[in-house]
Amino acid sequence: MSLITRAAVVESGGAPFTLSEVVLDDPAPHEALVRLVAAGLCHTDLSVASGGLPFPLPGVLGHEGAGVVEAVGSAVTGVAPGDHVVLSFTSCGGCRECRGGHPAYCAAWLTLNLLGGRRADGTATVSRDGAALGGHFFGQSSFAERALVDERSLVRVDPEVPLTSIAPLGCGVQTGVGAVWNVLKPVAGGTVVVLGAGAVGLSAVMAAALSPATTVVAVDRVAARLELAGELGATHTVDASEADLGAAVAEITGGRGADGIVETTGSVAVLRRGVDALAARGTLVVVGAPPFGTEVALDVNGLLSGKRVVGLTLGDSETQTFIPALVRLVKEGRLPLHRLVATYPFEDIDRAVRDMSEGRTIKPVLTFAG
């Protein structure tokens, strides 16, 4: 039996989020019905809402959900009603990357998560007044009081950990942490530089502080964010509005350069300066996403010292093992996500969007009554 729920609908590119009653389809065999408790707001949501990505609108976004399972489809085995879950991206489960433990690089990732707006079989998960809406965003569309969630987006988590505190794990936090742990893999005594101290960048700072790296450098233009980075584990901070990145990194590293850099800003100029600041055999991880088609010019001879530039999606994480590990770190106080989060009632989603866009809030998390 179809379910009526309330969702934040984006009517067209550039339009605000509007609360509206929508109808959820019955759970498919590999789906669950989840009552949302919290949902993080991410820049990807804002990019789609602005019309910057070709997601079908009107539609329901949201891809950092956390909630409680209310019902499951006939083929679901990993969760049961009553389970607490964090919602993350989905994947096909059958391609080479999925089978190899890298579902963030699923062959069908773009269609299933970002652009399709429907299930893999083309059917809609959400409608309004008899017309299908864009949904199934990252297999969840969690800007709603209830959501139909793809089984591969569901991660069962410790019920003792408040869901509001771990909703951001589904995208931004696992991206920043995964950039450090899964790609850079710092060695003892290494140097990690994080460009940009937003939610993803500060997650990378916290991850680097938990690694064998002994020098962790945060770079940003906002003094308050640099101060927070220092409190979260950065050993050095650089105000990019006052200092040259290359000169600052050279001074901190005794002229050697950075072993690893996480680029979160999406600026190709910053990316280029980051590559130039790498040490021999250093790696820069590209996390920030500029508009499609953006190119960057690199000094080819400068790469011949073994420098690597690596693109990254969602931390290259295998969510069923990675997210529960992060939940445990949050529970034990070793990953203090609460320092990044400001909560907003679901009804105040547009205020959360404004605060995030204007830099007043690092990671808005929407909360749902009941």
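**Sheet, aromatic pairs and cysteines in a predicted model**

In this predicted model, 5 strands form an open, antiparallel sheet in the order E4-E1-E2-E7-E8.

Q: What makes E4 and E8 the edges of the sheet?
A: E4 and E8 each have a single partner strand, so one side of each is left without a neighbour in the sheet.

Q: How do you know that strand E1 and E4 pair?
A: Pairing needs at least two bridges between two strands. E1 (residues 3-10) and E4 are joined over 2 bridges, in the antiparallel sense, so the criterion is met. Val10 has Gly59 in E4 as its bridge partner.

Q: How many aromatic pairs are there?
A: The count comes to 6 aromatic pairs. One of them is formed by Phe17 and Phe143, and it is edge-to-face.

Q: Why is the pair of Phe17 and Phe143 called edge-to-face?
A: Ring centres must lie within 6.5 Å, and planes over 60 degrees apart count as edge-to-face. For Phe17 and Phe143 the values are 5.7 Å centre to centre and 80° between the planes, so both conditions hold.

Q: What makes this a link between distant parts of the chain?
A: Phe17 is in strand E2 (residues 17-24), and Phe143 is in the loop between strand E8 (131-132) and strand E9 (146-150), 126 residues apart.

Q: Why are Phe17 and Phe143 called buried?
A: Buried means under 20% relative accessible area. Phe17 has 7% and Phe143 has 0%, so both count as buried.

Q: How do you know that the pair of Phe55 and Phe137 is edge-to-face?
A: The centres are 5.2 Å apart, with 75° between the planes; the limits are within 6.5 Å and over 60 degrees, so the pair is edge-to-face. Phe55 is in the loop between helix H1 (43-49) and strand E4 (59-60), whereas Phe137 is in the loop between E8 and E9, 82 residues apart. Both Phe55 and Phe137 are buried. Together with Trp109 and Phe138, they form one aromatic cluster.

Q: Why is Cys42 not bonded to Cys171?
A: A disulfide is a covalent bond between the sulfur atoms of two cysteines. The cut-off is within 2.5 Å. The closest cysteine sulfur to that of Cys42 is in Cys171, at 4.1 Å, so the separation is too far for a bond. Cys42 is buried, at 9% relative accessible area.

Q: What is the nearest cysteine sulfur to Cys98?
A: The sulfur of Cys95 is nearest, 3.7 Å away, and Cys98 is in no disulfide. Cys98 has a relative accessible area of 10%, which means buried by the under 20% limit. The disulfide count comes to 0.

Terms used:
Residues are numbered from 1 along each chain as its sequence is written. This is a predicted model: local features need pLDDT of at least 70, side-chain atom pairs count only at pLDDT 80 or more; totals for chains, interfaces and linings use all residues. Side-chain values use heavy atoms; hydrogens and water are left out. Rings of Phe, Tyr and Trp (its six-membered ring) pair if their centres lie within 6.5 Å; planes under 30 degrees apart count as stacked, over 60 as edge-to-face and the rest as tilted. Helices (H or I, at least four residues) and strands (E, at least two) are DSSP runs, numbered from the N terminus. Buried means under 20% relative accessible area, exposed over 50%, partly exposed in between (1.4 Å probe, protein chains only).
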